[in-house]
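Subject: Handover of a structure and notes on it

Dear colleague,

Please find the structure below, handed over for your use. My notes on it follow directly after.

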Amino acid sequence: MKVYFSGISGTGIGPLAELAYDAGYEVCGSDLMRGAIAPEIDERNISVHYGEQTGEFLRQKQAEGVIDWFVYTSALPADHAELLAAQELGIHTSKRDEFIAKFIEDKKLKMLAVAGTHGKTTTTALLIYAFTRLGIPVSYLIGTTLGWGRGGNYSTDAKYFIYEADEYDRNFLAYHPFVAAITCVDYDHPDIYPTLGDYQGAFAQFESQSQYVVKNTTINEKLTLVGELRRRDASIALEVLQYLRSVDDEINCSDEEIIAVLNDFPGAGRRFERIAEGVYSDYGHHPNEIKATVEMAKELRDRDNYTGLAVIYQPHQNTRQHKVRDGYLDAFNGADKVFWLPTYLTREDPNLEILTPENLISNLRNPEIAEPAELNDDLASKILQLKKQGWLILLLTAGPADGWLRKNFGD
């Protein structure tokens with residue numbers, strides 16, 4: 001099968017392209033610019049066009065041999081030149097969910113799907129890390145970079161497929177997992193789910209489509225990872241492995257072995273990821289996720305005797321801010337200073353007023369700890385001074401502020 005991936009070097013589509021390539025598919029694709037997965041794509045010598053996606057590269061690859069499937073990201077608009085070209089050429093087109101479901105069926109794999117408003121990337125990474133360290137053959141797909149492995153991997157010996165199942169655009173409803181791990185269900189993605197009931201209903205359907213469900217797990221007291229949130233994610237991973245051990249004679253590792261491996265977990269990209277000494281980056285942008293991550297940072301601050309905790313926060317989507325602004329009330333409790341950046345705008349409703357940092361800061365119970373800021377030299381200077389004074393620095397963003405932090409403060 002020949003598959004063309006549009007957006008091939010991003011964390012959403014890139015690992016899927018890697019997985020398809022490793023499984024023996026002929027893979028090619030394009031991207032507007034080199035993304036986080038580009039180095040891994042380069043290693044495989046996959047044919048890729050970077051730059052304007054006019055459809056010409058797609059036509060060229062079609063002329064070299066018929067393309068069976070055009071896979072594209074949810075961010076691709078319906079009038080995108082490549083998508084229109086694929087439709088004109090009669091190529092089967094779909095988002096990643098349909099392709100993954102077919103891949104699972106063809107390879108006869110059992111899906112271990114991790115879903116939830118937040119915590120799903122870390123929990124997925126914990127499972128991948130545990131399987132790898134425990135010597136259990138596994139194929140997997142995760143929407144981030146891993147310092148200790150690739151974002152997508154296919155093993156011919158694997159019977160299980162670990163997958164980070166995203167609820168955005170109802171993608172996860174394309175699957176019928178062998179095991180579904182639900183980290184938590186808070187309201188998010190108002191552009192897809194108009195009400196909390198719609199959101200909860202999608203998760204209820206996902207659970208009903210799964211053979212076995214792990215959720216509401218009690219934290220195992222033997223797990224020693226920093227932060228209650230990460231210990232809870234690790235407890236979910238532990239319970240998934242315990243269930244598999246009960247139904248699969250080939251998995252015979254003890255609880256003690258699993259816990260030892262989970263306690264050694266080095267983290268995943270942009271999930272409380274250490275960028276430099278005392279500098280961390282996290283993808284958190286939902287109030288509940290922020291609260292849990294700040295708690296984790298506060299625990300690290302107190303344990304390692306940092307002078308203070310400074311948070312740089314870049315909200316994601318103005319549409320989301322109108323829905324969640326009241327949830328910020330206690331979200332930053334424990335932080336000593338918050339630098340609040342303008343919202344990163346994407347997929348917006350043009351009829352909504354753009355909420356400013358001042359608007360959103362006013363929703364805090366303790367607004368005196370926060371100040372509006374911009375990604376500029378002034379902010380970099382303030383962060384540098386705090387770092388020199390022994391402060392712990394935490395960035396929370398689903399947007400481009402992560403690149404700014406790495407450029408200015410990365411090792």
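At what angle do helix α6 and helix α8 pack, and how far apart are their axes? Before the answer, two remarks on the basis of these notes. This is a predicted model, in which local features need pLDDT of at least 70 and side-chain atom pairs count only at pLDDT 80 or more, while totals for chains, interfaces and linings use all residues. Residues are numbered from 1 along each chain as its sequence is written, and side-chain values use heavy atoms, with hydrogens and water left out.

Packing of helix α6

Helix α6 (residues 120–134) packs with helix α8 (residues 228–247) at an angle of about 50 degrees, and their axes are 9 Å apart. Helices (H or I, at least four residues) and strands (E, at least two) are DSSP runs, numbered from the N terminus. Axes are lines fitted to C-alpha atoms, for helices over the stretch in contact, and angles run from 0 to 180 degrees between N-to-C directions. The angle makes α6 oblique to α8 (angles under 35 degrees count as roughly parallel, over 145 as roughly antiparallel, 65 to 115 as roughly perpendicular and the rest as oblique). The crossing of α6 and α8 is right-handed (the near helix is turned clockwise from the far one by less than a right angle; anticlockwise would be left-handed).

On the α6 side, Thr 122, Thr 123, Leu 126, Leu 127, Ala 130 and Phe 131 make the contact; on the α8 side, the residues include Arg 230, Asp 233, Ala 234, Ile 236 and Leu 244. Contact means heavy atoms within 4.5 Å. By class, the contact of α6 with α8 has ten nonpolar, two polar and two charged residues (Ala, Val, Leu, Ile, Met, Phe, Trp, Tyr, Cys and Pro count as nonpolar, Asp, Glu, Lys and Arg as charged, and the others, Gly among them, as polar).

Helix α6 also packs with helix α9 (residues 255–263), at an angle of about 120 degrees and with the axes 9 Å apart. That angle makes α6 oblique to α9, and the crossing of α6 and α9 is right-handed. The contact joins Leu 126, Tyr 129, Ala 130, Arg 133 and Leu 134 of α6 to Glu 257, Ile 258, Val 261 and Leu 262 of α9. By class, the contact of α6 with α9 has seven nonpolar, no polar and two charged residues.

Helices with a buried side

In helix α3 (residues 56–64), the buried residues are Phe 57, Leu 58, Lys 61 and Gln 62. Buried means under 20% relative accessible area, exposed over 50%, and partly exposed in between (1.4 Å probe, protein chains only). The buried residues of α3 cover an arc of only 140 degrees around the axis, which puts them on the same side of α3. The arc is that of the directions from the helix axis to the C-beta atoms. On the other side of α3, Glu 56 and Ala 63 are exposed. The buried residues of α3 pack against β1 (2–6), β2 (26–31), β3, β4 (69–72) and α4 (81–88).

In helix α14 (residues 401–409), Ala 401, Asp 402, Trp 404, Leu 405 and Phe 409 are buried. These residues fall within an arc of 160 degrees seen down the axis of α14, so they line one face of the helix. Among the elements that cover them are β12 (273–276), β13 (279–282) and α13 (377–388).

Residues in loops

Ile 13 is found in the loop between β1 and α1 (14–22) and counts as buried at 3% relative accessibility. The C-alpha atoms of Ile 13 and Val 71, 58 residues apart along the chain, are separated by 8.2 Å.

Tyr 175 lies in the loop between β9 and β10 and is buried, with a relative accessible area of 3%. The C-alpha atoms of Tyr 175 and Met 111 are separated by 8.4 Å, with their positions 64 residues apart along the chain. Leaving aside neighbours within four places in sequence, the contacts of Tyr 175 include Arg 96, Asp 97, Met 111 and Gln 209.

Arg 170 is found in the loop between β9 (160–164) and β10 (179–182). Arg 170 has a phi near 60 degrees, a positive value in a residue other than glycine, and is partly exposed at 36% relative accessible area.

With kind regards
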